[in-house]
Amino acid sequence: MKKGFAPVSPTQKSKKQNNRTQPISVEHLQASLSTYFDNIQDPRVDRTKQHLLKDILIITILAVIAGADGWEDIENYGLSKQEWLEEFLELPNGIPSDDTFRRVFEKLDPKILEEKLSQWLQKIMGSVSSEIIPIDGKSLRGSYDREKGLKNLHLVTAWASEQRLVLGQVKVEDHSNEITAIPALLELIDITGAIITIDAMGTQTEIVRLIRQKKADYVLALKSNHPTLYNQVKDWFNIARTQEFMGIEVSYDSRTEKEHHRIETRKAKAVSVASLGGLYKQEQWAGLRTIVMVERIRHLWNKTTREVHFYLSSLPVDAPINGRVIRQHWSIENQMPWSLDVTFNEDKCRIRSLNSPQNFALVRRMALNAVNQETTLKRSLRQKRKRAAMNNDYMMQILKCFCQA
């Protein structure tokens, strides 16, 4: 299995952007789709194969781009678009039934779709050098099954915040947590030169070691799950603040934003690790250079709140840079999960049998990537999906992202 994606030069990236406005031929589309979806190991018994696996996968992705939330939606999309689909798909026995889509995705190994996502990203992705890559967990609330005793499927996802691409996802195994899933995700993708941000759950020495081993930087939240280190940093900043950081070299940044009937001020202070006179088990935190404190003051219409957060960073002692990275981490909550829940109805989806929840989640993320890569229509994700459902030419425009070389 190929891991990660190859950096693309600025010249290559410019060519790809220019190609977005060029028409795509059916022959080129067929060849490109075959590159991704031919030769996938089919989980079905030979005697039951009335439809090509490639056709089933492609129809599913197109249907999800167009707004499908389940198997019947996918079948209806295929039936509605059958004449158009026949231009580039074989469809030897017409459109598969909803049960056929379900059975295939129940049996298909999720690692296969993950490999295809990775293969595709190698084609469309630019360099991630200096890009902020938040890693965060997300539960699929509709995937539980009370009668069968199945818990929600929980996934850990990496998000390229600038290029607005899902880089990969890993399932959190039962009776486990994100600590075990994050290293598997980091091994899956190329993060060379990137800045990795993770919430407190992922602030672990082994994860830090892996990030540095893969030649990336990090900014990680520090909370009370590391009580000794957290209390040491908290107490030091409390004393330093009362003394107005006298004799301490500190980098400072303050920003105020007004939106949604609230005023939020964020004050960031960054100091070198040496300023603290040595941290608890400091040698275990590979590449640690900076400790950051961020104070968030929110003025709402009826109250004012104040929160203080601490971060471990391998970046230089620069509050504006570290503060920007921390703010960008919050974007994963506003962009990727929000889009999946609100636009793709992920939390309401009741697909939950065998491998189908994880596979369908991967299809959603491929669809999200594809719609985000299409930039000729300056509309919301929801409006782009509606346009793709109604207009075959616009769907072809979105499909061009699979044809970039």
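Here are some notes on the fold, going from the whole chain to one hairpin and two helix contacts.

1. **The chain overall.** Keep in mind that this is a predicted model. The secondary structure comes to 15 helices and nine strands. Of the 405 residues in the chain, 52% are buried. If you take the contacts between residues at least 6 apart in sequence, 66% of them join residues at least 24 apart.

2. **Strand β2.** Have a look at residues 153-160, which form strand β2. Is this strand enclosed or open? Seven of its eight residues are buried, so β2 is largely enclosed by the rest of the structure. As a reminder for reading any strand on screen, side chains in a regular strand alternate between the two faces of the sheet.

3. **The β2-β3 hairpin.** The partner of β2 is strand β3, residues 165-171, and the two pair in the antiparallel sense over six bridges. If you want a spot to check the register, alanine 158 stands opposite glycine 168 in β3. Four residues lie between the strands of this hairpin. Which residue of the hairpin takes a positive phi? That's arginine 164, with a value near 55°.

4. **Helices α2 and α3.** Next up are α2 (residues 26-37) and α3 (residues 53-65), whose axes come within 10 Å and cross at roughly 105°. An angle from 65 to 115 degrees counts as roughly perpendicular, which makes α2 roughly perpendicular to α3. On the α2 side, the contact is made by Leu33, Ser34 and Phe37. The α3 side brings Lys54, Leu57, Ile58 and Ile61. By class, the residues of this contact divide into five nonpolar, one polar and one charged.

5. **Helices α14 and α15.** How do the axes of α14 and α15 cross? Helix α14 covers residues 381-390 and helix α15 covers residues 392-399; their axes come within 5 Å and cross at roughly 120°. That makes α14 oblique to α15. The crossing of α14 past α15 is left-handed.

6. **Who touches whom at α14-α15.** From α14, the residues to click on are Lys384, Arg387, Ala388 and Met390. They meet Asn392, Tyr394, Met395 and Ile398 in α15. Sorted by class, the contact of α14 with α15 has five nonpolar, one polar and two charged residues. Lys384 and Arg387, both in α14, are the charged pair under the usual grouping of Lys and Arg as charged.

Methods: Residues are numbered from 1 along each chain as its sequence is written. This is a predicted model: local features need pLDDT of at least 70, side-chain atom pairs count only at pLDDT 80 or more; totals for chains, interfaces and linings use all residues. Side-chain values use heavy atoms; hydrogens and water are left out. Axes are lines fitted to C-alpha atoms, for helices over the stretch in contact, and angles run from 0 to 180 degrees between N-to-C directions. Angles under 35 degrees count as roughly parallel, over 145 as roughly antiparallel, 65 to 115 as roughly perpendicular and the rest as oblique. A crossing is left-handed if the near helix is turned anticlockwise from the far one by less than a right angle, and right-handed if clockwise. Contact means heavy atoms within 4.5 Å. Buried means under 20% relative accessible area, exposed over 50%, partly exposed in between (1.4 Å probe, protein chains only). Two strands pair if DSSP finds at least two bridges between them.
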